[in-house]
Amino acid sequence: MTKTVNEIRKDFPIFAAPGSGDYIYLDNAATTQKPLAVLEAVSGYYTNYNANVYRAIHRWGEESTRQYEDARSKVARFINARENREIIFTSGTTDSINLAASSFCRAFTSPGDEIILSEMDHHSNIVPWQIASEQYGLTLKYIPVLPDGTLDTETLETLWSDKTRIVAVTHMSNVLGTVNDVKALIEEAHKRDIPVLLDGAQSVPHMSVDVQDLDCDFLAFSGHKMCGPTGIGVLYGKASYLEKLPPWKGGGEMIRSVYHDHSEWNTLPHKFEAGTPNISGAIGLGAAVDYLSALGMERIHSMESSLTKRLLKGLEQIQGVKVFGKAPVRGGIAAFMKEGVHAHDLTQYLDSRGVAVRAGHHCAHILAKKMNALSTARASLYFYNTSEEVDRFLTILDSAGDLFI
């Protein structure tokens, strides 16, 4: 039987927590709420079989290892990876991209080589490449963002060169909500034998992402943006690339043998998981994947699409409100400004009326400068939001004009 949105909300203890009342949470692009199943999975690890993974010849260690690797299997199925070993557990999207940028540039670039990013990328997909470019003498090129919030694919054609080594772009913008046509971009890159990394922090939680269908070479995403715990994330990489990349961090478990003057690396995925991992986080992420899979990513996407249309239509009808981004394909994110009101003041007012949104540059300075809007308010949706919440938010937002005259 298909759950209604009100039945779904009952799975999330925070919505019934003391003092939560009818508080409207529209800050889902920053982090999402956690269903009871995830909370119980994390608690269950610490309560019932807390032990370190691998090499333990006792029941608790074996159980923790089994649960940890089961989580890897769940994630692999969720994004349709070919093999479990293509799933690397990290602390989140930022950690994943730092790993990829450092290891890839070390293995596959020489001074003078080029990397293509985009102007709508989150800092997590810009700064790691900047650091690597300084270290290895590389040049960064950026795909421009057009006024409608889409990528300028015509200019992209002028960016390719025989020195291009990788393209790293966001799948879905955390500011504009734009869902980029990454499949077409990947096809163009692969014609030139150039790999592509996708920042999937905003796409993986909200739509079906099939890495084999997209044919991306790397994909980074975070657990906490998809009902999982904080501090856990994933770097997917094709095994053909991961096998060639050097490890990013050194320590326990990522080695096969250690000698006085060198070490031999472990097999995938352990080569990239040095030290004690976030075991409870991975198990919690596995539970989140189970929860999302049970609901169905197609249904989740459909529910959010309906809410997004309602939100955007309502924002357009409020006098003095400007919404950024008009891409034809977009997710449930709306960055906006209200005439005469600073985004921080507006956000504080909304919170006083029981609505949580975010304000600032949203870790996208380059895009904020391009939009000439260094601070915007941002409302972001998830499947547990309701149409009534959207309508009430719009009513409260509309009333803000009277307060700040």
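In which sense do β3 and β4 pair, and over how many bridges? A few notes on this predicted model follow, and that point is picked up in number 4.

1. Ground rules. Residues are numbered from 1 along each chain as its sequence is written. This is a predicted model, in which local features need pLDDT of at least 70, side-chain atom pairs count only at pLDDT 80 or more, and totals for chains, interfaces and linings use all residues, while side-chain values use heavy atoms, with hydrogens and water left out.

2. Confidence. The pLDDT is the predictor's confidence in each residue, from 0 to 100. For the protein its mean is 96, and 99% of the residues reach 70 or more. Helices (H or I, at least four residues) and strands (E, at least two) are DSSP runs, numbered from the N terminus. Among these elements, strand β7 (residues 218–222) has the highest mean pLDDT, 99, and helix α14 (residues 387–403) the lowest, 91.

3. The sheet. Seven strands make an open sheet with mixed pairing, in the order β2-β8-β7-β6-β5-β3-β4. The edges are β2 (87–90) and β4 (139–143); each has a single partner strand, so one side of each is left without a neighbour in the sheet. On average, neighbouring strands are turned by 20° against each other, direction ignored. Such angles run from 0 to 180 degrees between N-to-C directions, and the axes are lines fitted to C-alpha atoms, for helices over the stretch in contact.

4. Back to the opening question. β3 and β4 pair in the parallel sense, over five bridges; two strands count as paired if DSSP finds at least two bridges between them. Isoleucine 115 has leucine 140 in β4 as its bridge partner. Between these strands the chain passes through helix α5 (residues 127–136), in a right-handed β-α-β crossover. Right-handed here means that, with the strands pointing away from the viewer, the path from the first strand over the helix to the second runs clockwise.

5. Strand β5. Three bridges join β3 to β5, and these two run parallel; glutamate 114 is the bridge partner of threonine 164 in β5. On to β6 (residues 196–199), β5 (residues 164–170) is joined by four bridges, again in parallel. Alanine 168 has leucine 197 in β6 as its partner. The chain goes from β5 through α7 to β6, and this β-α-β crossover is right-handed. Six of the seven residues of β5 are buried, that is, under 20% relative accessible area (exposed is over 50%, partly exposed in between; 1.4 Å probe, protein chains only).

6. Helix α3. How does the span of α3 (residues 59–79) compare with what is expected at 1.5 Å a residue? Its 21 residues should span 30 Å, and the end C-alpha atoms are 31 Å apart, which agrees. The expected span is 1.5 Å times one less than the number of residues. Buried residues in α3 include Gly61, Gln67, Tyr68 and Ala71. Just after α3 comes asparagine 80, with a positive phi near 60°.

7. Isoleucine 283. This residue lies in helix α10 (residues 279–295) and counts as buried at 7% relative accessibility. Leaving aside neighbours within four places in sequence, isoleucine 283 is in contact with Ala41, Tyr45, Tyr49, Gln67, Tyr68 and Ala71, where contact means heavy atoms within 4.5 Å. The C-alpha atoms of isoleucine 283 and glycine 228 are 9.1 Å apart, although 55 residues separate the two along the chain.
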